[in-house]
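Some labels attached to a protein model are only as good as the cut-offs behind them. The exchange below asks how several such labels are reached.

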Amino acid sequence: MAKGKVSNAVGTLGDYLKEQRTSAQLSLRQLAEQAGVSNPYLSQIERGLRKPSAEVLQQLAKALRISAEQLYIRAGIVSPDEGTGGSVELAVLGDPALTERQKQSLLDVYQSFIAMNIATGEAQPPVTDED
């Protein structure tokens with residue numbers, strides 16, 4: 001079930017990136033060069049075949065002159081319904097002293113603590129529009 005959510009988020013991310021790239025009047029090659037990624041890799045991201053790291057998303061956001069947070073949300077890294085609670089994820093993702101692997105490990109631990117606290121009733125689940 002979670003896997004389907006990730007692929008939906010990636011597909012949405014790819015569509016959004018393509019829309020932003022065409023709005024900025026950039027070719028796939030131009031954006032890839034500006035973001036420091038390969039042309040085939042960017043193409044795979046746009047088609048929803050690859051899930052980019054937070055670092056790549058940050059580079060793409062900078063090249064497109066858009067919010068990296070918006071890309072994190074669309075990629076499913078940060079949940080939009082967390083309100084101000086997303087600051088932990090954003091702080092971890094924005095820390096240049098951490099490697100991508102360390103960032104992902106910290107986010108995984110953080111999410112497991114949240115899930116455990118919700119399961120034991122020590123915390124309330126986030127309120128969503130679907131509720």
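What follows is a set of questions and answers on this predicted model.

Q: What makes up the secondary structure of the chain?
A: The chain has 7 helices and 0 strands, and from the N terminus on the order of its elements reads α-α-α-α-α-α-α.

Q: Why are H2 and H3 called roughly perpendicular to each other?
A: Helix H2 (residues 28–35) packs against helix H3 (residues 39–46) at an angle of about 110 degrees, and their axes are 9 Å apart. Angles of 65 to 115 degrees count as roughly perpendicular, and H2 and H3 are therefore given that description.

Q: Which residues make the contact of H2 with H3, and how do they divide into nonpolar, polar and charged?
A: On the H2 side the contact is made by Leu 28, Arg 29, Leu 31 and Ala 32, and on the H3 side by Asn 39, Leu 42, Ser 43 and Glu 46. These residues divide into 4 nonpolar, 2 polar and 2 charged.

Q: Why does Gln 20 count as buried or exposed?
A: Gln 20 belongs to helix H1 (residues 2–23). Its relative accessible area is 17%, and the label buried applies under 20%, so Gln 20 is buried. Leaving aside residues up to four places away in sequence, Gln 20 touches Leu 64 and Ile 66.

Q: Which residues of helix H4 are buried?
A: In H4 (residues 54–64) the buried residues are Ala 54, Val 56, Leu 57, Leu 60, Ala 61, Ala 63 and Leu 64. For the chain as a whole, 28% of the 131 residues count as buried.

Q: What makes Thr 12 count as buried, partly exposed or exposed?
A: Thr 12, which is also placed in helix H1, has a relative accessibility of 39%. Buried means under 20% and exposed means over 50%, with partly exposed in between, so Thr 12 counts as partly exposed. In space Thr 12 is 6.5 Å from Arg 74, C-alpha to C-alpha, although 62 residues separate the two in sequence.

Q: What is the sign of phi in Arg 65, and why is Arg 65 called buried or exposed?
A: The phi of Arg 65 is positive, near 60 degrees, in a residue other than glycine. Most residues other than glycine have a negative phi. Arg 65 follows H4 and lies in the loop between H4 and helix H5 (68–75). With a relative accessible area of 77%, set against the cut-off of over 50%, Arg 65 is therefore exposed.

Q: Where is Gln 25 placed, and why does it count as buried or exposed?
A: Gln 25 sits in the loop between H1 and H2, and its phi is positive, about 55 degrees, although it is not a glycine. Its relative accessibility is 71%, and exposed means over 50%, so Gln 25 counts as exposed.

Q: How do you know whether the span of helix H7 agrees or disagrees with the expected one?
A: Helix H7 (residues 100–119) has 20 residues and, at 1.5 Å a residue, should span 28 Å; the expected span uses one less than the number of residues. The end C-alpha atoms of H7 are 28 Å apart, so the two values agree. Just after H7 comes Gly 121, with a positive phi of about 80 degrees.

Note on methods:
Residues numbered from 1 in each chain as written. Predicted model: local features only at pLDDT ≥ 70, side-chain atom pairs only at ≥ 80, totals over all residues. Heavy atoms only, no water. Axes fitted to C-alpha atoms, helices over the stretch in contact; angles between N-to-C directions. Helix = DSSP H or I, 4+ residues; strand = E, 2+ residues; numbered from the N terminus. Parallel < 35°, antiparallel > 145°, perpendicular 65-115°, else oblique. Contact = heavy atoms within 4.5 Å. Nonpolar A, V, L, I, M, F, W, Y, C, P; charged D, E, K, R; others polar. Buried < 20%, exposed > 50% of the residue type's maximum accessible area, 1.4 Å probe, protein only.
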